Each structure stands twice: as structure tokens, then as C-alpha cells.
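Student: I am new to this structure and would like a close look at a single part. Could you walk me through one pair of packed helices and then the place where the chains meet?

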Amino acid sequence: MLQIDHLRKNYKAFSLDCSLRLLPGRVTGLIGQNGAGKTTTFKAILGLIQPDGGTIRIFGKDHRQFHAQDRQTLGVVLSDSGFSGYLTIQDLLPILKEFYSDFDEAFFLEQLQRFHLPLNKKIKEFSTGMKAKLNVIAATAHRAKLLILDEPTAGLDVVARDQLLDLLREYMAADEARSILISSHISSDLESLCDDLYMIHQGRIIFHEDTDVLLSDYALLKVSEAQYCKLDRRYILRQKKEHFGYCCLTNQKQYYLENYPALAIEKGTVDEVILMMIRGDVL
Amino acid sequence: MKGLLIKDLKLMKNQRNFFLLIVGVAVMMAISLENSTLVIGYLPFTCSLFTLSSISYDEYENGSAFLFSMPFSRKAYAVEKYSFGLLIAIASLGLATGITAMAGAFQQSGSITETIQIALMTLPAILLALALMIPFQFKFGGEKGRIAALGTVGLILIVYRQIKQLAEAWHLNLTALFEQFSALGYPAFLAAALLFSTLLLVLSCRISISILERKEF
């Protein structure tokens, strides 16, 4: 579906070197701090910036051969950009119909009604949440094969976020060959939606795991100095000094549950794994 | 390209109060001024500037990034802007000619032929203005683009002055050359002006395509 190998982009104070793979029928999450390189990666995929090196293949096609008409197969949401604020949704209808041969007007209108979006109000007068809803609805309204979603749920309340995630689940359920590449700061969204997660930090992918594996096999071990000295550290990915001793991230929770029953072992969450991968020390 | 054209027409429709104001001012000018042909200069030039505004609207809140993720090429975008500019120029020129002709008929002054001749001679001037300003708008954006365009006009005037001085030093009379050219008669002069301005517009469009294809969003 999408394959990125050593995508490089250099700026004065930042350099990106990113590799990732998105398979058909999968929802892949890209997580990382602000400025980690998520948006740069998305923009390179969409041809909005010129990579300095590496390869991007979309549906098996090199991105330089991925022409304007091929973008009919993509649905896009960008975190810092959207439809012109000087237009109304009513204005967008003929434009989207003209741009996308598979634009489903009935679906689009139905979703607008579902999310209570007004047809005749200028988009610049929309709240952040309303803009986010419109962007996701538009991205899913032309039967795209691949959605590229950069922070699509930013600025939404819990209910609206849940509705949008449902919309994305419906999008995936309609065709098993579809895929989504999504970035978000809200880890609960990613936990419930993504099949696998990539973590990007300072322009490099530092972690990739299936979400199920992350939630079932990753754990935080809270150990005292004495427990730490006796601990088998072969399966410790990161450790961090704490006031009580050490906090250790492992991807072999069962091993420590069975062999160290006295340890305080907490289930790994996306947030905790992110924090430990970024702020913890490598052994 | 049709989708882009619809977008710009929708943007234009949403600014209808601005256009109504301009048309109102044009009508007032035609009624109150002795030389109502000034409307032919005022209305199309002011309306054609909306082409530049439409680029600013596309760029509003970094909208270009999202826009260029849609299924059209950067070349199509550039060509559409020139086509849109041309469309507005011709439509507003027609409207200005109509207003001027009607004002002339009411005031029983001027002739329709003269009005049409002035209108046709205004078209190359509008094309030249578009050819000059659109690439700067693409390269530098709204404010800086206008400053750069004005700077270029200044540069062109300086270059013209230098050429004139050089010609005088070589005992060439440029003024006589221009007089000879205008002696060709109105149709030939108009055809030459239209040809020259169209060629510059095509060249300008190619420059804009090149600017856009290198641009990052």
C-alpha cells in the first residue's frame, strides 16, 4: 500500500530519516512529539515537499510517478491546513464533484447532517472541531483507497472524537483493501483504532509494534534498587531512575510475571511506552 | 482545471459586495466624469486584481498545502489562474465598455466605435499587468509580491531609460521608431500589442509553472 525507505529531508535544525510500511487492510499510527517529523513525513508522501533522498512507493508506484490523477485514490487530512475559509460547504460540493470522479454526494450530505455541519456558513467561521469533522468527512467521501490523516481528531471533544473514529471504522469495514495512516496526540484514539504503531523521535523511527502486542506484552516494572540488582535485564528495553528505584520498560511482561511475582508490574499503555522510549535510557 | 475554476468563481461570488461596489463606482464615474472612457481602465484593472486575491485566499491559513494534495497538477493550477484572470479581464472589460457606451448615449457624447477601440487597446495592458504580477504573487505571496512587482516596474523604466540613452549615443531615434510603428494604423497596432502581450502572458505562465513546481508547502 505504502512503503517508505529512508525518506530523508534536511532542514537547518532538523533532519528526517524515516522508514515505514503500511499494508492493505491495516490502520497504522504514527506517533511522536511536536516537531518529531510526522507532518514532514506526511507532506513528503503527498508530494508537498521534495525529499532529499530515499524512496516512497504508493500502491507500488514511485512517488515521482504518482501523478495528480492518482491522488483520486487518496483521502487527506492535514493538521495545519484545510479548505479555504472563504468558501462554504455548499460551495465545496461542485468543486469536490469535479475533482473526484467517485465523490459520493449522498454520503457526504448524510455525514454533514450526522455531525451537524451547516451548509451555508463560511468555513473560516467554523470552530476547530467543525473544521476537523468536515476534513475527515471530505477525505472519506470519494471512496479513497488510502487515507493519510495528520492529527484528524485535534480540537475535538470526546463525543465528536468517538463519532469520527466510528466514521473511520465504517470506512475500513466497507472495503477490506483500504488502509489508513494516521497521526494523533491522543493515544486512546490510536489504541482503539490502529493495528500497528510507529514511533518517531527527532526524525527517526525508534519503535514499531502491533498495537495488540504492545497492549498485551509491554509492561512497566517498578523496582527498588535491591530488586533492580537481581533483575534479569535481557528483556528490558528502557530504564529510568525514579525516587523509589527504577522504572523499566519490557516487551516480555509474562516472563517477569512468572519469574518475579513480587515485582510491581503495570500494564503498558501507548503513553507510557512513548514516555519510556523517549525519556528512558537504553541499557 | 474545471474544479479550480469553479472554486475561484465561488470565491468571487462570496465577494459580491466588493464587486457591486466597484461596478457602482464605475457607473458613478461614467455619469459624472466628462471623459467616461476612464471607466474602461478602472473597472477591468480593479476586477483583474481579484486573480491575485484568489491566490491569497488559497494561501489563507496555509490552505495551499491541502489544496495541492487534491488531484490536479501544479501546472493545471497555474494555467487556471491565468485563464481565470483572462476571463475576469474580458468580462469586466465588456461590462465597462457597456457602461461607457450607455453613458455616452445618454450624454450624447463620444462614439461607440471610439469606446470599443479604447476597450480593445486596454486588453493588452491588462494582460501585461497580469503577466507581471502573477509570478511575483506565486513566488513571494501577497505583500512582498506587490512590492517585488512594483520594484520590477521601476527596473523596467530604468532599463528603458538606459536603452534610450544608449540609442541616443548611437544616434538612433527611438521616438521616431515608435511613431513609425503607430503609423501602421489602429488594427495593426492593436494586433501587435495583443500579440506582444499574449506572448508575455504565455512566458509569464511558464515562469509561474516553474515557480510552483519547485515550491514546497
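Tutor: Here is a walk from one helix pair to the chain contact. This is a predicted model, in which local features need pLDDT of at least 70 and side-chain atom pairs count only at pLDDT 80 or more, while totals for chains, interfaces and linings use all residues. Residues are numbered from 1 along each chain as its sequence is written, chains are lettered from A and ligands numbered from 1 in the order in which they are written, and side-chain values use heavy atoms, leaving out hydrogens and water.

Look at chain B, where helix α1 (residues 2-13) packs on helix α6 (residues 74-107) at an angle of about 45 degrees, the axes being 9 Å apart. Helices here are DSSP runs (H or I, at least four residues), numbered from the N terminus. Axes are lines fitted to C-alpha atoms over the stretch in contact, with angles from 0 to 180 degrees between N-to-C directions. That angle makes α1(B) oblique to α6(B), a word for what is left after roughly parallel (under 35 degrees), roughly antiparallel (over 145) and roughly perpendicular (65 to 115).

Contact means heavy atoms within 4.5 Å. From α1(B) come B:L4, B:L5, B:K7, B:D8, B:L9 and B:M12, and from α6(B) come B:A76, B:Y77, B:E80, B:K81, B:F84 and B:I88.

Now to the neighbouring chain: 28 residues of chain B and 33 residues of chain A take part in the contact. Four salt bridges are found across this interface, each a side-chain nitrogen of Lys or Arg within 4 Å of a carboxyl oxygen of Asp or Glu. B:K13 and A:D91 join their side chains in a salt bridge (2.9 Å, N to O).

Key
Helix = DSSP H or I, 4+ residues; strand = E, 2+ residues; numbered from the N terminus.
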